[in-house]
Amino acid sequence: MDEVIWPAQWLRGVLRLMVLAVIAEGPTYGYEITQRLQRAGLGHLKGGTLYPLLRRLAEEGAVVAQWHESETGPGRKYFYLTRYGVEQLEQERCRWIEFTNRTTTLLDEATAENGE
């Protein structure tokens with residue numbers, strides 16, 4: 001299956017929410033977050049985009065990072081959602097659903113008006 005290339009402005013608009021959702025699935029590290037987003041069909045996310053976002057999420061208290069040593073390779077920084085992060089995820093999820101419902105309604109109305 002070919003990878004879909006989404007407009008960058010769409011991804012910027014939803015990236016924070018998607019990263020929170022991935023971390024909510026369980027403690028994870030940067031590379032795995034990018035892989036999870038790619039498996040979800042959102043495309044490849046560069047570290048230069050992800051890591052500043054993770055830093056901002058940590059600064060605001062939505063995630064915490066913890067270093068895990070590895071016996072077989074380099075250690076990794078795992079990210080965990082905080083209680084505040086769970087609240088932010090739920091609020092943003094609800095707002096995103098409302099937003100997409102409104103945009104879909106507008107698009108459907110425009111299509112109906114054009115006779116398509």
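# Why these labels? Burial, strands and contacts

Student: Why does T28 count as buried?

Tutor: The relative accessibility of T28 is 6%, and buried means under 20% relative accessible area, with exposed meaning over 50% and partly exposed anything in between (1.4 Å probe, protein chains only), so T28 counts as buried. This is a predicted model, in which local features need pLDDT of at least 70 and side-chain atom pairs count only at pLDDT 80 or more, whereas totals for chains, interfaces and linings use all residues. Residues are numbered from 1 along each chain as its sequence is written, and side-chain values use heavy atoms, with hydrogens and water left out.

Student: Which residues does T28 touch, leaving out those up to four places away in sequence?

Tutor: T28 touches V22, I23, I33, K77, Y78 and F79, where contact means heavy atoms within 4.5 Å.

Student: What makes the segment that holds T28 a strand?

Tutor: T28 is found in strand β1, and β1 covers residues 28-29. Strands are DSSP runs of E with at least two residues, while helices are runs of H or I with at least four, and both are numbered from the N terminus, so the run 28-29 qualifies as a strand.

Student: How do you know that β1 and β3 pair?

Tutor: Two strands pair if DSSP finds at least two bridges between them; β1 and strand β3 (residues 76-81) are joined in the antiparallel sense over two bridges, so the criterion is met. Within this pairing, Y29 has Y78 of β3 as its bridge partner. As a general point, strands of a sheet pair through backbone hydrogen bonds, either parallel or antiparallel.

Student: What makes β2 and β3 a pair as well?

Tutor: Six bridges join β2 to β3, and the two strands run antiparallel; A65, for instance, has F79 of β3 as its bridge partner.

Student: What order do the strands take in the sheet, and why do β1 and β2 stand at the edges?

Tutor: The sheet is open and has three strands in the order β1-β3-β2, with antiparallel pairing. β1 (28-29) and β2 (63-68) each have a single partner strand, so one side of each is left without a neighbour in the sheet.

Student: Why is V64 called partly exposed?

Tutor: V64, which is found in strand β2, has a relative accessible area of 43%, a value that lies between the two cut-offs, so the label is partly exposed. Setting aside neighbours within four places in sequence, V64 is in contact with Y78, F79, Y80 and T82. The C-alpha atoms of V64 and G85, 21 residues apart along the chain, are separated by 9.4 Å.

Student: Why does H68 count as partly exposed?

Tutor: H68 is also found in strand β2, and the 28% relative accessibility of H68 falls in the intermediate range, so the residue counts as partly exposed. Beyond four places in sequence, H68 is in contact with G75, R76, Y78 and Y80.

Student: Why is Q88 called buried?

Tutor: Q88 lies in helix α4 (residues 83-113), and a relative accessible area of 13% is under the cut-off for burial, so Q88 is buried. Apart from residues up to four places away in sequence, Q88 touches R16 and L20.

Student: What makes P7 partly exposed, and where does P7 sit?

Tutor: P7 is in the segment before α1 (8-24), and the relative accessible area of 30% falls between the two limits, so P7 is partly exposed.

Student: How does the radius of gyration of the chain stand against that of a compact globule of 116 residues?

Tutor: The chain has 17 Å, whereas a compact globule of 116 residues would have a value near 13 Å; the radius is taken over C-alpha atoms, and the globule rule is 2.2 Å times the number of residues to the power 0.38. The C-alpha atoms fill a box of roughly 65 × 35 × 20 Å along the principal axes. Of the 116 residues, 24% count as buried.

Student: How many helices and strands does the chain have, and in what pattern?

Tutor: There are four helices and three strands, and the pattern read along the sequence is α-β-α-α-β-β-α.
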